[in-house]
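Reader: I am new to this structure and should like to understand how its descriptive terms are justified. Could each term be set against its definition?

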Amino acid sequence: MNSLFSRDTQIKAMQSLLNDTENYLGQFCTTLASYTRKTAKLRDKADILVMQLNEFASTGDPELRTCIKNLAEDVSMVQDYRQAEVERLEARVIAPLKSYGGLVKIKRAEVNAQKATNNAHRSTRQMEESIMEFQRQKLEDVKRVFSDFIMIEMLFHAKALEVYTHTFQNLETMDIDKDLEMFMRRMPVSDLPPLDNQILQSVHSTSPIPAYSSPTPSTTRPPPSYIREEPSYLVTRQKRCSKVYFQSKLSFDKMCKYCVLVL
């Protein structure tokens with residue numbers, strides 16, 4: 001009688017463990033899968049931004065053209081890292097969590113088989129071993145999955161910070177005065193006076209964009225401290241990005257209306 005009571009208790013404990021595992025790991029899997037898809041969508045939007053930056057750069061004077069093209073290159077580089085982030089999340093986070101759906105079904109079948117056996121003593125011992133084995137595996141998997149998740153995120157943000165620090169310094173080297181002088185010389189006005197410092201200072205003072213001091217007062221674009229790798233998926237991603245861009249390209253007026261609605 002005690003063996004039967006113990007076996008029933010263990011069966012209920014195993015069923016509760018399986019229900020909790022299916023519930024919470026299933027939620028984690030669904031949420032992190034959505035997180036990964038949104039990260040991929042962010043990558044696609046950034047690819048469109050890169051194309052728009054390159055188009056804009058082609059319309060500007062040398063200083064603007066150089067800085068914006070370098071900006072586009074760095075943003076594109078970060079998207080390569082983001083693509084690697086997406087692939088790692090799918091392989092090392094989503095896939096292990098997804099596998100628990102099948103594992104729970106197998107364990108439920110084992111529990112039903114244990115309930116049907118007539119050997120209560122043997123069944124109790126096997127159930128105890130099964131519960132401990134399953135719980136140990138679940139704890140190890142949860143620890144590994146979330147450790148991998150944090151490591152993947154840390155790696156991406158560390159790389160992005162490295163690239164964008166260089167990007168910020170590059171933008172600070174843009175000599176607005178040079179481009180403004182070229183622009184003023186092209187103005188179709190025959191009696192235009194020479195551009196002096198007072199006019200330049202007036203332009204700076206009326207700019208709506210706040211100025212930020214440069215962390216390094218360098219006047220030339222410093223060579224990057226990293227080497228850009230060309231991952232195997234880059235060509236495929238570029239083809240996809242071109243398709244996404246041409247499908248989503250809108251007129252300037254439509255884009256402005258869309259931005260107003262979004263904001």
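Reader: Is Lys-107 buried or exposed, and what makes it so?

Author: The relative accessible area of Lys-107 is 8%. Buried means under 20%, exposed over 50% and partly exposed in between, with a 1.4 Å probe and protein chains only. Lys-107 is therefore called buried. The model is a predicted one, in which local features need pLDDT of at least 70 and side-chain atom pairs count only at pLDDT 80 or more, while totals for chains, interfaces and linings use all residues. Residues are numbered from 1 along each chain as its sequence is written, and side-chain values use heavy atoms, with hydrogens and water left out.

Reader: Why is the contact of Glu-110 with Lys-107 called a salt bridge?

Author: A salt bridge is a side-chain nitrogen of Lys or Arg within 4 Å of a carboxyl oxygen of Asp or Glu. The closest N and O atoms of Glu-110 and Lys-107 are 3.5 Å apart, so the pair meets the definition. Both residues lie in helix H3, three residues apart, about one turn of the helix. An α-helix has 3.6 residues a turn, so residues three or four places apart point the same way. Glu-110, at 34% relative accessible area, is partly exposed.

Reader: What makes Glu-181 and Arg-185 a salt bridge, and where do they lie?

Author: Their closest N and O atoms are 3.7 Å apart, which means that the pair falls within the limit for a salt bridge. Both are in helix H5 (residues 176-186), four residues apart. Glu-181 counts as partly exposed at 28%, whereas Arg-185 is exposed at 63%.

Reader: Which parts does the salt bridge of Arg-108 and Glu-22 tie together?

Author: The two side chains meet at 3.0 Å, N to O. Arg-108 lies in helix H3 (residues 100-116) and Glu-22 in helix H1 (residues 2-57), so the bridge ties together parts that are 86 residues apart in sequence. Arg-108, at 28%, is partly exposed, and so is Glu-22, at 40%. The whole structure holds seven salt bridges.

Reader: How do you know that H2 is a helix, and what is said of its length and its kink?

Author: Helices (H or I, at least four residues) are DSSP runs, numbered from the N terminus. H2 (residues 62-98) has 37 residues, so the minimum is met. The expected span is 1.5 Å times one less than the number of residues. For H2 that gives 54 Å, and the helix reaches 52 Å from its first C-alpha to its last, close to the expected value. A kink of about 35° is centred on Glu-90; the bend at a residue is the angle between axes fitted to the seven residues ending there and the seven starting there.

Reader: What makes the largest nonpolar core a core, and which helices supply it?

Author: A nonpolar core is a set of buried Ala, Val, Leu, Ile, Met, Phe, Trp, Tyr and Cys residues joined through side-chain atoms within 4.5 Å. The largest such set has 22 residues, and those with the most contacts inside it are Met-14, Val-93, Leu-97 and Phe-134. H1, H2, H3 and H4 each supply at least two residues of this core, the largest share, eight residues, coming from H1.

Reader: Why is Leu-171 called partly exposed?

Author: Its relative accessibility is 33%, and this value lies between the two cut-offs, so Leu-171 is partly exposed. Leu-171 is found in helix H4.
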